[in-house]
Amino acid sequence: MLGSQGDHAGMMEHLPSGHSDESVAGRVIAARDEELHLLVPPRAKPHDKERIVELELAATEKKVELMQDVTFDAWTYGGTVPGPIIRMTQDDLMRVSFVNETSHPHSVHFHGTHPASQDGSLRPVAPDAYTVYEMHARPWGLHLYHCHTMPLAAHM
Ligand SMILES: [Cu+2]
């Protein structure tokens, strides 16, 4: 549910062959293929107010390549910046198991409406710990989610 890479599996077949700079071109295309799921959301499901969607999301530390030979030591959700698209249908009960695999406290603050008890801004998750956020996907729309641990600018 955290995005789909399956639709793009054939992407690697289009690698240039015999190109003098093949290794660089291949690496760039591989990176794009890996991150296409960030641009193409999973398909919507029909409304079903009984549906429960369970997801796992891990905070990780990863060196992210911004461009050739330029990297950034990032905190990621699921290995990417931004994190994966999580697509729900309004009224789905969303249950997100969040595991902090980094050496700093982190959280997930979902926008939209939810009970205060499920707001990551109020309870950072310690390194190697986990929590479960549970909320109904409401209202419909496009909502950001981000870490809400202080200092906020660094974590966002
Ligand atoms: Cu954080």
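Two strands count as paired if DSSP finds at least two bridges between them. Keep that in mind for the sheet. One caveat before I start: this is a predicted model.

So, pairing. β1 covers residues 52-67, and with β2 it pairs in the antiparallel sense over eight bridges. Two of those partnerships can be picked out by residue. Thr 60 has Thr 76 in β2 as its bridge partner. Lys 63 has Asp 73, again in β2. The two strands form a hairpin, with two residues between them. Look at the turn: Asp 69 has a positive phi there, about 70°.

Now zoom out to the sheet. Four strands make up an open sheet, in the order β2-β1-β3-β5. The pairing is mixed. Which strands are at the edges? They are β2, residues 70-77, and β5, residues 130-136. Each of these pairs on one side only. From one strand to the next, the twist averages 25°.

Next, the whole chain. It has two helices and six strands. Reading from the N terminus, the elements run α-β-β-β-β-β-β-α. There are 156 residues, and 35% of them count as buried. Take the contacts with a separation of 6 or more: residues 24 or more positions apart account for 66% of them. The exposed surface of the chain is about 9900 Å², with 56% of it supplied by carbon and sulfur atoms.

On to the metal. What are the protein donors of the copper ion? His 106 through ND1, Cys 147 through SG, and His 155 through ND1. They lie 2.0 to 2.1 Å from the ion. Along the chain, the donors follow the spacing H-x40-C-x7-H. Cys 147 is buried, and His 155 is buried too.

Two more residues are worth a stop. The first topic is Phe 98. You will find Phe 98 in strand β3, residues 93-100. Buried or exposed? Phe 98 counts as buried, because its relative accessibility is 0% and the cut-off for buried is under 20%. Set aside its neighbours within four places in sequence, and Phe 98 still has a list of contacts. Among them are Leu 57, Ala 58 and Ala 59, along with Tyr 77. The list also includes His 106, and His 106 is one of the copper donors. Further along, it includes Val 125, Ala 129, Tyr 130 and Tyr 133. For Ala 129 there is a distance as well. The C-alpha atoms of Phe 98 and Ala 129 are separated by 8.6 Å, with the residues 31 apart along the chain.

The other residue is His 109. His 109 sits in strand β4, residues 109-110. Why does His 109 count as buried? Because its relative accessibility is 13%, and buried means under 20%. Its side chain is joined to that of Asp 119 by a polar contact of 2.6 Å. Leaving aside neighbours within four places, His 109 is in contact with Asp 119, Gly 120 and Ser 121, and with Leu 144, Tyr 145, His 146 and His 148.

To recap: the open sheet runs β2-β1-β3-β5. The copper ion has His 106, Cys 147 and His 155 as protein donors. Phe 98 is in contact with one of those donors, His 106. That's it from me.

Key. Residues are numbered from 1 along each chain as its sequence is written. This is a predicted model: local features need pLDDT of at least 70, side-chain atom pairs count only at pLDDT 80 or more; totals for chains, interfaces and linings use all residues. Side-chain values use heavy atoms; hydrogens and water are left out. Axes are lines fitted to C-alpha atoms, for helices over the stretch in contact, and angles run from 0 to 180 degrees between N-to-C directions. Donors are N, O and S atoms within 2.8 Å of the metal (3.2 Å for Na, K and Ca); water is not among the atoms, so sites may look incomplete. Buried means under 20% relative accessible area, exposed over 50%, partly exposed in between (1.4 Å probe, protein chains only). Contact means heavy atoms within 4.5 Å. Accessible areas come from the Shrake-Rupley method with a 1.4 Å probe; for residues, only the protein chains shown count as cover. A polar contact is a pair of N or O atoms within 3.5 Å; within protein, one must be able to donate a hydrogen and the other to accept it, and residues adjacent in sequence count only if both atoms are side-chain atoms.
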